[in-house]
Amino acid sequence: MREGLLIVLEGVDGAGTTTHTTRLSDTLRSRIAVRATREPTAGPVGALLRHALTGRLVTPGELTARAPGWTTMALMFAADRMDHLEVEILPMLREGVSVFCDRYYHSSVAYQSLTAGGGHDAIAWIRELNRHARPADLTLVLDVPAKVAAERRRRRGGRELFDDEQLQAQLCDFYAQLERHFPGERIVHVNADGPVDAVAAQVLGQVERLLAERG
Ligand code: TMP
């Protein structure tokens with residue numbers, strides 16, 4: 001049996017990765033075997049991460065409790081990913097199911113390196129932590145201006161750990177050049193600053209191109 005494809009959607013908070021992962025799998029479901037999934041996962045480490053993102057898991061500091069540091073977060077995201085691969089992604093791919101994943105190791109390299117201060121060592125270490133993660137066959141980066149993403153987050157409500165405007169603006173710049181950090185990977189940018197249907201059509205077009213190439 002031919003392996004399924006691993007297709008990843010990436011972008012800043014408010015880029016629309018969740019919306020478009022769902023749209024894509026709903027559209028293709030009648031044509032190929034698909035599974036939509038996301039990181040952090042609903043598994044044990046993913047649940048801890050969701051608590052850290054919403055401020056319910058904190059590290060006791062000298063004066064006040066704070067969110068776990070970037071190294072702890074990078075390790076947790078990598079552990080969640082390995083578990084995700086083991087229990088869901090790899091078995092699905094082996095069964096010939098194509099997996100559409102809302103965020104993957106690219107998010108760790110972007111978010112955890114920037115919260116580390118942007119140093120090159122951090123990127124190398126985070127990449128090393130994720131060395132055994134199966135590479136994505138295609139990564140679609142949903143590009144939106146920082147202001148548009150900020151407005152979408154504001155409308156959605158509910159603050160999360162990485163909602164800081166300055167960090168999100170740095171993330172926009174990082175994602176705009178994501179391929180620099182992943183040489184050899186198929187990474188395609190999609191302009192996601194537009195109506196949902198128009199963005200969905202671009203996303204679908206890129207996936208259809210890959211499917212056609214596979215024959
Ligand atoms: P979500 O809100 O898009 O589901 O993603 C959860 C948050 O976690 C989002 O702010 C991005 C962040 N994140 C990381 O910092 N590192 C990672 O490896 C992943 C998968 C997500």
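**Notebook: a look around a predicted model**

**Entry 1: Leu 129**

I started at Leu 129, which turned up in helix H5, residues 120-129. (For helices and strands I use DSSP runs numbered from the N terminus: H or I over at least four residues for a helix, E over at least two for a strand.) Before going on, a note to myself that this is a predicted model, where local features need pLDDT of at least 70, side-chain atom pairs count only at pLDDT 80 or more, and totals for chains, interfaces and linings use all residues. Residues are numbered from 1 along each chain as its sequence is written, and side-chain values use heavy atoms, with hydrogens and water left out.

Is Leu 129 buried or exposed? Neither: I put Leu 129 down as partly exposed, because its relative accessibility is 24%. (Buried is under 20% relative accessible area, exposed is over 50%, and partly exposed is in between, with a 1.4 Å probe and protein chains only.) I then looked up what Leu 129 touches, skipping residues up to four places away in sequence, and got Ala 74, Leu 75, Ala 78 and Met 82. (Contact here means heavy atoms within 4.5 Å.) Leu 129 and Ala 74 are 55 residues apart along the chain, yet I read 8.1 Å between their C-alpha atoms.

**Entry 2: Glu 39 and the bond after it**

Next I went to Glu 39, in the loop between strand S2 (34-38) and helix H2 (44-53). Glu 39 goes down as buried because its relative accessibility is 5%.

Which side chains does Glu 39 meet in polar contacts? I found the side chain of Arg 81 at 2.6 Å and that of His 84 at 2.9 Å. (A polar contact is a pair of N or O atoms within 3.5 Å; within protein, one must be able to donate a hydrogen and the other to accept it, and residues adjacent in sequence count only if both atoms are side-chain atoms.) Leaving aside neighbours within four places in sequence, the contacts of Glu 39 also include Arg 50, Ile 89, Asp 102 and Arg 103.

Then a surprise for my notes: the peptide bond joining Glu 39 and Pro 40 is cis, with omega about -5°. Pro 40 has its place in the loop between S2 and H2. For background, most peptide bonds are trans, and most residues other than glycine have a negative phi.

**Entry 3: Arg 103**

The phi remark sent me to Arg 103, a residue other than glycine whose phi is positive, near 80°. I located Arg 103 in the loop between strand S3 (98-102) and H4. Arg 103 counts as buried because its relative accessible area is 14%. I also saw that a polar side-chain atom of Arg 103 lies 2.9 Å from an oxygen atom of the ligand.

**Entry 4: around the ligand**

So to the ligand itself. Side-chain N or O atoms also come up to ligand oxygen atoms at Ser 108, at 2.5 Å, and at Arg 38, at 3.0 Å. On its own the ligand has 480 Å² of accessible area, and the protein covers 94% of that. (Accessible areas come from the Shrake-Rupley method with a 1.4 Å probe; for residues, only the protein chains shown count as cover.)

How many residues surround the ligand? I noted 15, the closest being Asp 13, Arg 81, Arg 103, Ser 108 and Gln 112. (A residue is near a molecule or strand if one of its heavy atoms lies within 4 Å of it.) H4 gives the most to this shell, with 4 residues.

**Entry 5: helix H6**

Ala 149 is in helix H6, residues 146-156. I logged Ala 149 as buried because its relative accessibility is 0%. Ala 149 and Gly 11 are 138 residues apart along the chain, and their C-alpha atoms are separated by 9.8 Å. Not counting residues up to four places away in sequence, Ala 149 touches Val 12, Asp 13, Gly 14 and Val 144.

Arg 153 lies in helix H6 too. Arg 153 is buried, since its relative accessible area is 8%. A polar atom of the Arg 153 side chain lies 2.8 Å from the backbone oxygen of Asp 13. With residues up to four places away in sequence left out, Arg 153 touches Asp 13, Gly 14, Asp 163, Glu 165 and Gln 168.
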